[in-house]
Amino acid sequence: MKKIYTALTVFVLTLGLVASGCISQEQGEKTLTNTKQVPQQQIIIRTTGATFPMYQIQKWIEIYQKLNPNVKIEYEGGGSGHGQEAFLKGLADIGRTDPPVKEASWKKFLATGDQPLQFPEVVGAVVVVFNVPGVNELKLTKDVLAKIFLGEIEYWDDKAIKGVNPSAKLPHKKIIVIHRSDSSGTTAIFTTYLTQISKEWSEKVGAGKVVDWPVDKMGRGVAGKGNPGVVAILKQTKYSITYTELSYAINENLPVAALENKAGEFVKPTEETIKTAVANVKSYIPNSTQGYKEDLKQLLDAPGKDSYPIVAFTHLLVWQNKEGKHYSPEKVKAIKEFLRWILTEGQKSENLAPGYVGLPKEVAEIGFKAVEMIQEG
């Protein structure tokens, strides 16, 4: 009887140990499961608009997403007009526009019940590029530049062009003028500059994101969508000329014309000549809540013999997000962190794409103040 009792006791203890082991193993597995890190949900930021800063935006996105894998930034170009429209309709979290938003559009933004905020993100330059076989260097006076785009100078070997390019082998070929087909900030910058240097252009055509190009009526005008579009057409079209952002000329290895500046010097766009232009003017950037008051003309045709004449800011549009109208708290956090990075690390030379120049400190500070105004809701 004693042996049976002892055996029974051992059997019960063994079952207890086995059960205990199973429970401990189960608890351990649960503990391990509970300590596994749950992947953080990815925040998507959509930004749309200007192609003027495209190469810069792409570089910023590439660098930033490596540092912040839980943030995905989707960029769509389409031009400044498209950027403003997508921003208004809530199709983009961040809009991008080269020329400051006009007052009429600003009022439409305000009619949504939220406060738009606009501030510069980087400095760029509009350049004149050309495709003339055998010609790699070209100087253009203010008068010649305006008359080419007015269509009044028809051939490349016109005496007005030859007069400032005596050693160039200019052919007797018709000049094909390429321009943007979409609502474009680059066009607004370029045509605004033409109104400043040519009374005739100002009276006959004027400035805007979309204009009525005289060369189209003459059968020598060709339209392309976006900066990439006009550059692609230029490369395929001999004896053509167009305007685009400097970074496109650099990336596509296109010949760039030296333009006559305010001091009468022929200047090519470089980091130094762009910085000189910005330094030689007093930039007035209004409070971000009154972005429509900024004057596009302020950086154009800057004084100084080393100033490149067609320099401009390109801008960001973001909502103040009153009562959480446009962004969730999580998205607000992600947007603010991204914009702060653009205004600090993004302005450093190693993070700037070729053809762009960082903001003056006082201009970047306006952006910082705007970012702090964005509300979680």
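Let's start with the largest nonpolar core, meaning buried Ala, Val, Leu, Ile, Met, Phe, Trp, Tyr and Cys residues joined through side-chain atoms within 4.5 Å; buried is under 20% relative accessible area, with a 1.4 Å probe and protein chains only. This core has 106 residues, and Leu140, Leu145, Ile148, Phe149, Phe190, Ile241 and Leu339 touch the most other members. Strand β4, residues 116–131, gives the most, with 10 residues; strands here are DSSP E runs of at least two residues, and helices are H or I runs of at least four.

A quick word on the source: this is a predicted model, where local features need pLDDT of at least 70, side-chain atom pairs count only at pLDDT 80 or more, and totals for chains, interfaces and linings use all residues. Residues are numbered from 1 along each chain as its sequence is written, and side-chain values use heavy atoms, leaving out hydrogens and water.

Now, which residues does Phe149 touch? Beyond four places in sequence, its contacts include Phe190, Trp201, Trp213 and Ile241, a contact being heavy atoms within 4.5 Å.

Over to the open sheet: eight strands, ordered β2-β1-β3-β11-β4-β8-β6-β7, with mixed pairing, where a pair needs at least two DSSP bridges. β2 and β7 stand at the edges, each with a single partner strand, so one side of each has no neighbour in the sheet.

Finally, meet Gln56, in helix α2, residues 54–67. Buried or exposed? Gln56 is buried, at a relative accessible area of 0%. Leaving aside neighbours within four places, Gln56 is in contact with Asn351, Leu352, Ala353 and Tyr356.

Key:
Buried < 20%, exposed > 50% of the residue type's maximum accessible area, 1.4 Å probe, protein only.
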